[in-house]
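Please open the structure in a viewer and keep the sequence at hand. The tour below goes from the whole chain to single residues, one selection at a time.

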Amino acid sequence: PALLTVRAAEVLSRAELVLVDARVPDAVLAGVLGEVVRTPAGEAQGAALVAAAKQGRTVVRLLPGDPFLWAEGAKECEAVLKARLRLEVVPGIPAAVAVPAFAGVAVGLPRTVARVEDVTDWRALAAAPGALVLLGTAADVAKSAAALVEHAQNALMLSLAIVLPVL
């Protein structure tokens, strides 16, 4: 919640209904006064957004990080626009940049960002130049570290690897 943008906090505090992706931590909802409905991770909620808006409700869709990092963000915008309803997209702060910066780690460029669940080529990741940011869960840390060490040509080639919770 400390990394929410001012605009995101304003919009959330005024919402009558917030459809919250399951990947969003509960702490982010601290300033929400309206109804909160948890939705399955990765599932587009376009129909629910349109229905609530047509009822005259102020509705917010809350996705982790930036809404356009997820396919459902674009799909939901498309559904709302097709229904000829107004919409505002509030940019978020992607975890791949925000969490390292908050911890005092400048990932800079070059950097490689990958979701642990999508990784099939650990050798390529181990050889990637610059910082390596992996998005995953706490349970992924040991597995990811072991895979990187196993596939590195040289242990010194691994400059920095950060495994972040998928927010």
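Of the contacts in the chain with a separation of 6 or more, what percentage is accounted for by residues 24 or more positions apart? The share is 55%. The model on screen is a predicted one.

**Whole chain**

Start with everything selected and coloured by secondary structure. There are six helices and six strands, and read along the sequence they follow the pattern α-β-β-α-β-α-α-β-α-β-α-β. Turn the C-alpha trace to its principal axes: the spans are about 60 × 30 × 25 Å. The chain has 167 residues, and 35% of these count as buried.

**Strand β5**

Select residues 131-136, which form strand β5. Six of the six residues are buried, so the strand is largely enclosed by the rest of the structure. In a regular strand, side chains alternate between the two faces of the sheet. Here both faces are covered. Show A131, V133 and L135 for one side, then L132, L134 and G136 for the other; every one of these residues is buried.

**Strand β4 and the crossover**

Now add residues 111-115, strand β4. In which sense do β4 and β5 pair, parallel or antiparallel? The pairing is parallel and runs over five bridges. To look at one position, pick A114, whose bridge partner in β5 is L134. Then follow the backbone out of β4: the chain passes through helix α5 (residues 122-127) before entering β5, and this β-α-β crossover is right-handed.

**A127 in the connecting helix**

While helix α5 is on display, select A127, which belongs to it. With a relative accessible area of 45%, A127 is partly exposed. For a distance across the model, label A127 and E88: they are 39 residues apart along the chain, and their C-alpha atoms are separated by 40 Å.

**Helix α1**

Go next to residues 6-14, helix α1. Which residues of this helix are buried? They are A8, V11 and L12. These three cover an arc of only 100 degrees around the axis, which puts them on the same side of α1. Rotate to the other side to find V6 and R14, both exposed. To see what the buried residues of α1 pack against, show β1 (17-21) and β3 (59-62).

**The largest pocket**

Keep α1 and β3 visible and turn on a surface. The largest pocket holds about 1300 Å³ of space, and its lining consists of 46 residues. To centre the view, select V11, V60, R61, L62 and V90, the lining residues that lie nearest the pocket centre. Which helix gives the most to the lining? It is α1, with five residues. Besides α1, colour α2 (46-54), β3, α3 (71-82) and α4 (95-102); each of these five elements supplies at least two residues of the lining. V11 thus appears twice on the tour, among the buried residues of α1 and among the residues nearest the pocket centre.

**R84**

The last stop is the loop between α3 and α4, where R84 lies. Is R84 buried or exposed? R84 is exposed, with a relative accessible area of 77%. Check its backbone too: phi is positive, about 60 degrees, although R84 is not a glycine.

Note on methods. Residues are numbered from 1 along each chain as its sequence is written. This is a predicted model: local features need pLDDT of at least 70, side-chain atom pairs count only at pLDDT 80 or more; totals for chains, interfaces and linings use all residues. Side-chain values use heavy atoms; hydrogens and water are left out. Buried means under 20% relative accessible area, exposed over 50%, partly exposed in between (1.4 Å probe, protein chains only). Helices (H or I, at least four residues) and strands (E, at least two) are DSSP runs, numbered from the N terminus. Two strands pair if DSSP finds at least two bridges between them. A crossover is right-handed if, with the strands pointing away from the viewer, the path from the first strand over the helix to the second runs clockwise. The arc is that of the directions from the helix axis to the C-beta atoms. Contact means heavy atoms within 4.5 Å. On a 1 Å grid over the protein atoms alone, a cavity is a set of points where a 1.4 Å probe fits but cannot get out, and a pocket is an open set with protein on both sides within 12 Å along at least five of seven lines; lining residues have an atom within 4 Å of a point. Grid points are joined across faces, edges and corners, and a volume is the space filled by probe spheres set on the points.
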